[in-house]
Amino acid sequence: MVSARIDFAMTIKSLITVLLLVLLTTGCATVPQINSHQKKPVSFTSLEKDNVSEKGWWYARFRLRWPKDVEAAWYLGPLIANEIVAPALHQYANKIELWRFHRRAGRDAAGHQFSFIFYSSPTTAGEIYYALETNPLLKALIKKGKIKNVGFDNLDKITKSAIEDTSDKHWPEEIQKSWPYFIMGASQMWLNLTQQLANQQQKQEKSMDLEKRYQRIHSQLLALWKHEGNHALLHHLNALYGYEPLIITERKLHNF
């Protein structure tokens, strides 16, 4: 019994160590080529007739303004997710097989970005891109200078057609093919928490400025992660694998 408790403690410590390493990693070193804003619904050329049933991964990257010597505006992530992405996600949910959010901030060419990544047909991707780009709040945030721009993939060709194509290539193939389902669930939970907190804030402070509201929501999300993540997330994830301790390696971590 004592040995079991020690193994469990070591397992939790290992999990926390891994997650801290992931959180401290700045993210993608490179960013795939993307198009500028779509000004109107996309013309799908040959894809519309021949490949409408084919699916692939598509990115919508929101590039956020991040002045020097200023902390990244992380609160914009929940704001974009709930106010801009969620309406489109809800509208096209039955046409999206997999989806997730990705966040990164690094003093490099990619900078501070919030990404919505989803697996669908090119036709659906074009409809989602158009819904995102025509969102009035997105236009307002770009005009205000909070968001620099939003970039979309070229719809003329599917470059990532396999489920594992956006997973880390250093992982075993089984992990690559399974991980998108895990991160979709995690993203769904994070979005659900954001929506619950936003609804609470709306009821309590109806006149509060939108950005201030999401600054508060961001702080609440961090508090929930800090105080509840150990049991609600790490413990139950660890339990799925029979409380087996993790092997921590020096291998460089990769984010996509």
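**Figure 1. The open sheet, strand by strand.** In this predicted model, four strands make an open sheet in the order β2-β3-β1-β4, paired antiparallel. The edges are β2 (98-105) and β4 (147-152), each of which pairs on one side only. Going from one strand to the next, the twist averages 15°. Zoom in on β1 and β4 and you'll find 5 bridges joining the two antiparallel strands. One residue to pick out here is L64, whose bridge partner in β4 is I147.

**Figure 2. Helix α6 laid over the sheet.** Here α6, residues 173-204, lies across β1, β2 and β3 (112-120). Its angle to β2 is about 75°. The same helix holds a salt bridge of its own: the side chains of E173 and K177 meet at 2.9 Å, N to O. These two sit 4 residues apart in α6, about one turn of the helix. E173 counts as partly exposed because its relative accessible area is 49%, and K177, at 37%, is partly exposed too.

**Figure 3. Inside the largest nonpolar core.** This core has 40 residues, and F62, F101, F116, F118 and L132 touch the most other members. Helix α3 supplies the largest share, with 9 residues. For a look at one of those well-connected members, take L132: leaving out residues up to four places away in sequence, L132 touches A60, F62, I84, V85, A88, F116, L138 and F152. Apart from the largest core lies another one of 6 residues, including W57, I117, Y119 and I163. As a general backdrop, nonpolar side chains tend to be buried together in soluble globular proteins.

**Figure 4. A salt bridge between distant parts of the chain.** E211 and K146 meet through their side chains, at 3.6 Å from N to O. E211 belongs to helix α7, while K146 sits in the loop between α5 (136-144) and β4, and the two are 65 residues apart. How buried or exposed is each partner? E211 has a relative accessibility of 8%, under the 20% limit, so E211 counts as buried. K146 is partly exposed, at 28%. In a second pair, K169 and D165 meet at 4.0 Å, N to O. Both of those are partly exposed, K169 with 47% relative accessibility and D165 with 25%. A search of the whole structure turns up 8 salt bridges.

**Figure 5. Two residues with positive phi.** Most residues other than glycine have a negative phi. D69 has a positive phi of about 60° and is not a glycine. D69 is in the loop between β1 (56-64) and α3 (76-91). With 81% relative accessibility, over the 50% cut-off, D69 counts as exposed. Y243 also carries a positive phi, near 60°, without being a glycine. Look for Y243 in the segment after α7 (210-240). At 33% relative accessibility, Y243 counts as partly exposed.

**Figure 6. Where to be careful with the prediction.** Average pLDDT for the chain is 84, and 77% of the residues score at least 70. At the start of the chain, residues 1-6 stay under 50, and the model gives them 0 contacts beyond four places in sequence. Residues 8-52 also stay under 50 in pLDDT, but here the model has 78 contacts beyond four places in sequence.

Key:
Residues are numbered from 1 along each chain as its sequence is written. This is a predicted model: local features need pLDDT of at least 70, side-chain atom pairs count only at pLDDT 80 or more; totals for chains, interfaces and linings use all residues. Side-chain values use heavy atoms; hydrogens and water are left out. Buried means under 20% relative accessible area, exposed over 50%, partly exposed in between (1.4 Å probe, protein chains only). Two strands pair if DSSP finds at least two bridges between them. Axes are lines fitted to C-alpha atoms, for helices over the stretch in contact, and angles run from 0 to 180 degrees between N-to-C directions. Contact means heavy atoms within 4.5 Å. A nonpolar core is a set of buried Ala, Val, Leu, Ile, Met, Phe, Trp, Tyr and Cys residues joined through side-chain atoms within 4.5 Å. pLDDT is the predictor's confidence in each residue, from 0 to 100.
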